[in-house]
Amino acid sequence: MTDSYRTVPGRGEARFEVRGSEFIGHVAPATTVEDAEAFVDAVGEEYADATHNVPAYRVRSDPFREYSSDDGEPSGSAGDPALNVLKQRDIENIVAVVTRYYGGTNLGVGGLASAYSRAVKDGVDDAGVVEEVPHEQFTVTVAYDDSGSVRSLLESAGVEFEADYEAEVVFDVRVPTVEASELRDRVRSATSGRAVIELE
């Protein structure tokens, strides 16, 4: 899972009505199944008075996970249409929840499928879609004597990092997964193995 993928950079929301029923599409990035489930739970609590809160997510964990539920709607009318939008648009590490307040008119399976998929589409459009490269994070802890060479190495590599100067110097590094192993080797060699490297 080192190749780039499409995802959303932040949250998105969409609201509309269909024959009296209100639909609210919520989308958010999620890098783990736990993140996705937490978002589903949070929306469910915030909209506990809704008739339905229909979840769908696709997460690049190991193994790859896809999930959806109709949450009490007729089988195949809600969860699958919501998930299909994410599949068709080839978006990963994303969670969507569609909230529905029933308006008194039955929409039928076709009407529901159309409304649930539209809520996810509009939510994704609101959030925007970006190309993302998998990253990993690690910390490098060194004595002050080694901090200058580690800092210049990280700067020349063009990676994101933050430095914390306490009793020792701790660099919090975020690097594309494909470059991480080589970068750690370079840090070890620049400090003659004195750097303490911990993966997050």
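The legends below describe close-up views of a predicted model.

**View 1. Salt bridges around Arg-15 and Glu-22.** In this predicted model, a search of the whole structure finds 13 salt bridges, and this view is centred on one of the places where such pairs are linked. The side chains of Arg-15 and Glu-22 meet in a salt bridge with an N to O distance of 3.3 Å, and Glu-13 is linked with Arg-15 and Glu-22 in a network of salt bridges. Glu-22 has a relative accessible area of 25% and is therefore classed as partly exposed, since that class lies between the limits of 20% and 50%.

**View 2. The salt bridge between Glu-66 and Lys-87.** The side chains of Glu-66 and Lys-87 form a salt bridge at 3.7 Å, N to O. This pair links distant parts of the chain, with Glu-66 in strand 5 (residues 65-68) and Lys-87 in helix 2, 21 residues apart. Both partners are partly exposed: Glu-66 has a relative accessibility of 34%, and Lys-87 has a relative accessible area of 38%.

**View 3. The salt bridge between Arg-184 and Glu-136.** Side chains of opposite charge can pair when their charged atoms come close. Here the side chains of Arg-184 and Glu-136 meet in a salt bridge with an N to O distance of 2.8 Å. The pair joins distant parts of the chain, as Arg-184 belongs to helix 5 (residues 177-190) and Glu-136 to strand 8 (residues 135-142), 48 residues apart. Arg-184 counts as buried because its relative accessibility of 12% falls under the 20% limit, whereas Glu-136, with a relative accessible area of 23%, is partly exposed.

**View 4. Asp-146 and its polar contact with Arg-194.** Asp-146 is placed in helix 4 (residues 144-157), and its relative accessibility of 8% means that Asp-146 counts as buried. The side chain of Asp-146 makes a polar contact, at 2.9 Å, with the side chain of Arg-194.

**View 5. Val-169 beside Tyr-144.** Val-169 is part of strand 10 (residues 169-176), and at 0% relative accessibility Val-169 counts as buried. Although Val-169 and Tyr-144 are 25 residues apart along the chain, their C-alpha atoms are separated by 6.2 Å.

**View 6. Positive phi values at Arg-19 and Asn-93.** Arg-19, which is not a glycine, has a positive phi of about 45° and is found in the loop between strand 2 (12-18) and strand 3 (21-29). With a relative accessible area of 55%, Arg-19 is classed as exposed, because that class begins over 50%. Asn-93, also a residue other than glycine, has a positive phi near 50° and is found in the loop between helix 2 (79-88) and strand 6 (94-101). In contrast to the exposed Arg-19, Asn-93 counts as buried, with a relative accessibility of 6%.

**View 7. A negative surface patch that includes Glu-198.** The patch is formed by Glu-162, Asp-164, Glu-166, Asp-172, Glu-198 and Glu-200. Within this group, Glu-198 lies in strand 11 (residues 196-199). Glu-198 is partly exposed, with a relative accessible area of 47%, and this value satisfies the requirement that patch residues have over 30% relative accessible area.

Note on methods. Residues are numbered from 1 along each chain as its sequence is written. This is a predicted model: local features need pLDDT of at least 70, side-chain atom pairs count only at pLDDT 80 or more; totals for chains, interfaces and linings use all residues. Side-chain values use heavy atoms; hydrogens and water are left out. Patches are made of residues with over 30% relative accessible area and no salt bridge: like charges are joined within 9 Å, nonpolar side chains (Val, Leu, Ile, Met, Phe, Trp, Tyr) within 5 Å. Accessible areas come from the Shrake-Rupley method with a 1.4 Å probe; for residues, only the protein chains shown count as cover. A salt bridge is a side-chain nitrogen of Lys or Arg within 4 Å of a carboxyl oxygen of Asp or Glu. Lys and Arg count as positive and Asp and Glu as negative; His and the chain ends are not counted. The place of a charge is taken as NZ of Lys, CZ of Arg, CG of Asp or CD of Glu. Helices (H or I, at least four residues) and strands (E, at least two) are DSSP runs, numbered from the N terminus. Buried means under 20% relative accessible area, exposed over 50%, partly exposed in between (1.4 Å probe, protein chains only). A polar contact is a pair of N or O atoms within 3.5 Å; within protein, one must be able to donate a hydrogen and the other to accept it, and residues adjacent in sequence count only if both atoms are side-chain atoms.
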